[in-house]
Amino acid sequence: MTNPWTIEDAEELYGVKRWGAGYFSIGENGSIQIAPNHRQPDVTIDMKDVVDEIISEGIQLPAVIRFHDILRSQVEILNETFAKIIEDAHYEGRYVGVFPIKVNQMREVVEEIIDAGEPYDYGLEAGSKPELMAVLAYNENPRALTILNGYKDEDYLTLALLGRQLRRKIIIVIEKFSELEMLIPLSKKLGVEPIIGLRSKMMVRSSGKWAGSSGERAKFGLSITEIINVIELLKRENMLHCAKLLHFHIGSQLADIRKIKEAVSEGARLYAKLIQMGVELEYLDIGGGLGIDYDGTSSTTDSSRNYSTEEYVADVVYGVKQICDLEQVPHPNLVSESGRAITAHHSCVVTNIVGEIKNTGASFDISASADEHILVTNMRELVNSADLHPQERYNDAASFKQSAYEAFKLGILSLEEMAKLDTMYWQILTEIHHSIDRETFVFQELEELEDMLASQYLCNFSIFQSAADTWAIGQVLPIVPITRLDERPAVRCSIVDITCDSDGKLSKYIEGTSISDNIPMHTLRKGEEYHVGMFLTGAYQDVMGDMHNLFGRLTEVHIYSHDDEPGDFYIEEVVPGTSAEKVLETMQYNTDFMAKTVKKCIDREVRKGTIAPREGVRWTDYYEKCLAGSTYLKV
Ligand SMILES: *Cc1c(COP(=O)(O)O)cnc(C)c1O
């Protein structure tokens, strides 16, 4: 007898609280609960209510659901943590952070962050010309910083100087010596004095996926020699007073706090030495990198982090303070460019499972026939040898199956015989799997076996659009059923998407505190939708997706919490996903022409009499309706 399934078991399996950062949990009713506002932990939203409302409004899944309150909470938590630790440490500078919009450029996201960050003078960071154009228009707070990174041309620099004319605190971060050689004459010509930042190429090597952002061969930043040359040039041009900020960024998703401490020491030391050389720096910008515990393991794996936000902030504040005090230089204002940490939690993708692909699904009558091939007879004997050692039985089954395949290729086995062999093979594997006790019996091929027997759940979304990093860099994202969590999940499965690409699947799943090749989910019920959520997609995933198979952007649903509303939430806005028409147009198709062509062909058939006139009109309308419709599967 197995014990009854509890919510604690579900929590243990899917680790919702471990990666949920206080925002996500499993309710007693078995569905995912969200407490989106860190100041009001008692206001909770039932994810099932949200999905029900989305469906009753006629919105098709998949959809991105954004919890704006989570975004606001993350901005508040980061700013308040810095403020508190700065006060505790008697640190003499202030914290003036910026949000790097490349992490999520959605206008609504940027607006929410700016609004929530207003009281703290929280600013924006841009890394390209179009991003600069966006931040110029959206960061109007004259006390908040606008930090400009990335490679720059004359237009980029001119736009930045326009920002100075508008009295914004725009800081042009010099990544390359030649940018300064371009900036100086330009600022003299326009009569606008820039505020200049220097990006240092750091010696500390970060680890993980973004190790290339640091070290001597990093793509960005100035070496120590180049920094000295920059200072000499600024001095000669009488512009040394323009250099106000020292910047570094050693990579994203820094898993190990020790690398952060190292970088802070190096950066603070460099800052102090530059002050001693007479550069009047006011800001030390520590870049991004504050990680997210995607897999909930609090470890140094690439999808986790071994520290809390408080620890990160304390290490930065106390680390900089100690070095500045030793070097007897003033404490700089601290800037950080956390993107992932601000946005990852606020959005998720909700979708439905549209089918199951099962190796063991089909079966064929396996009874013996008079002149059957010996391989078939052998396999049947194996079916009846349940007492054989599982390992031996497994090896034999695999070897018969291989021989059968060879025989089939040579024309020795018939299709019927192959079908029988196949049916028996899967039957044996399933029996072996059920018979072995996972706890006490270690079977070398157990994982292989589980993987082979796992179902594939066909999920209505595109990995390439909604979870690019799971494919590109092996990032782990939590995937959890929205409901039925009070029920034992009885099927091991992997999640495959609807693109025509065999890479279109998730290959790493959170199972307890480890990572598995597949994940337990619930049995699909006829006539009932099974909804799953992919969580922590708010950083990069939301905006990096590509057009593989022309699926396009998902419909978005924006949620605000409100304790006067039924269910404590309301849908503030629905942004429709990209229609088939729009997606095709980005690939240079002329959809009017396409509709006309199809209509012409239908009309021709109508004239010939193969299609009835009324039916012809229906077909024409139907084609046009599909052009205007969603690219994802309708269920
Ligand atoms: C990408 C990037 C960031 C954001 O990093 P996160 O790890 O998402 O916080 C910050 N600064 C620079 C220069 C970047 O390129």
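Reader: What must hold for a molecule to sit in a pocket, and which pocket does the ligand take in this predicted model?
Author: A molecule sits in a cavity or pocket if more than half of its atoms lie within 2 Å of its grid points. The structure here is a predicted model. The space that the ligand takes is the second largest pocket.

Reader: Which residues of the lining lie nearest the centre of the second largest pocket?
Author: The second largest pocket has a volume of about 560 Å³. Its lining consists of 26 residues. Those nearest its centre are Lys102, Ser213, Phe220, His249 and Tyr540.

Reader: Why does the second largest pocket lie between two domains, and which domains are they?
Author: The protein chain is divided into domain 1 (96–193), domain 2 (200–286 + 319–335), domain 3 (374–449) and domain 4 (582–628). The shell around the ligand draws at least three residues from each of domain 1 and domain 2. The lining of the second largest pocket also receives residues from both, and therefore the pocket lies between domain 1 (96–193) and domain 2 (200–286 + 319–335).

Reader: How many residues of the shell around the ligand are charged?
Author: The lining of the second largest pocket divides into 8 nonpolar, 10 polar and 8 charged residues. In the shell around the ligand, 3 residues are nonpolar and 8 are polar. The charged residues of this shell number 5.

Reader: Of the 16 residues around the ligand, which come nearest?
Author: Lys102 places an N or O atom of its side chain 2.6 Å from an oxygen atom of the ligand. For Ser252, a polar side-chain atom lies 2.5 Å from a ligand oxygen atom. Of the 16 residues around the ligand, the nearest are Lys102, Ser252, Glu337, Gly339 and Tyr540.

Reader: What share of the ligand's accessible area does the protein cover?
Author: The backbone also takes part in the surroundings of the ligand: a polar backbone atom of Arg340 is 2.9 Å from a ligand oxygen atom. On its own, the ligand has 390 Å² of accessible area. The share of this area covered by the protein is 92%.

Reader: What is the volume of the largest cavity?
Author: The count of cavities of 30 Å³ or more comes to 7. The lining of the largest cavity includes Val64, Arg66, Val349, Gln465 and Arg553. The volume of this largest cavity is about 90 Å³.

Reader: How far apart do the C-alpha centres of domain 2 and domain 4 lie?
Author: Domain 2 comprises 200–286 + 319–335, and domain 4 comprises 582–628. The distance between their C-alpha centres is 61 Å.

Notes. Residues are numbered from 1 along each chain as its sequence is written. This is a predicted model: local features need pLDDT of at least 70, side-chain atom pairs count only at pLDDT 80 or more; totals for chains, interfaces and linings use all residues. Side-chain values use heavy atoms; hydrogens and water are left out. A residue is near a molecule or strand if one of its heavy atoms lies within 4 Å of it. A polar contact is a pair of N or O atoms within 3.5 Å; within protein, one must be able to donate a hydrogen and the other to accept it, and residues adjacent in sequence count only if both atoms are side-chain atoms. Accessible areas come from the Shrake-Rupley method with a 1.4 Å probe; for residues, only the protein chains shown count as cover. On a 1 Å grid over the protein atoms alone, a cavity is a set of points where a 1.4 Å probe fits but cannot get out, and a pocket is an open set with protein on both sides within 12 Å along at least five of seven lines; lining residues have an atom within 4 Å of a point. Ala, Val, Leu, Ile, Met, Phe, Trp, Tyr, Cys and Pro count as nonpolar, Asp, Glu, Lys and Arg as charged, and the others, Gly among them, as polar. Domain bounds come from an automatic or database domain assignment. Grid points are joined across faces, edges and corners, and a volume is the space filled by probe spheres set on the points.
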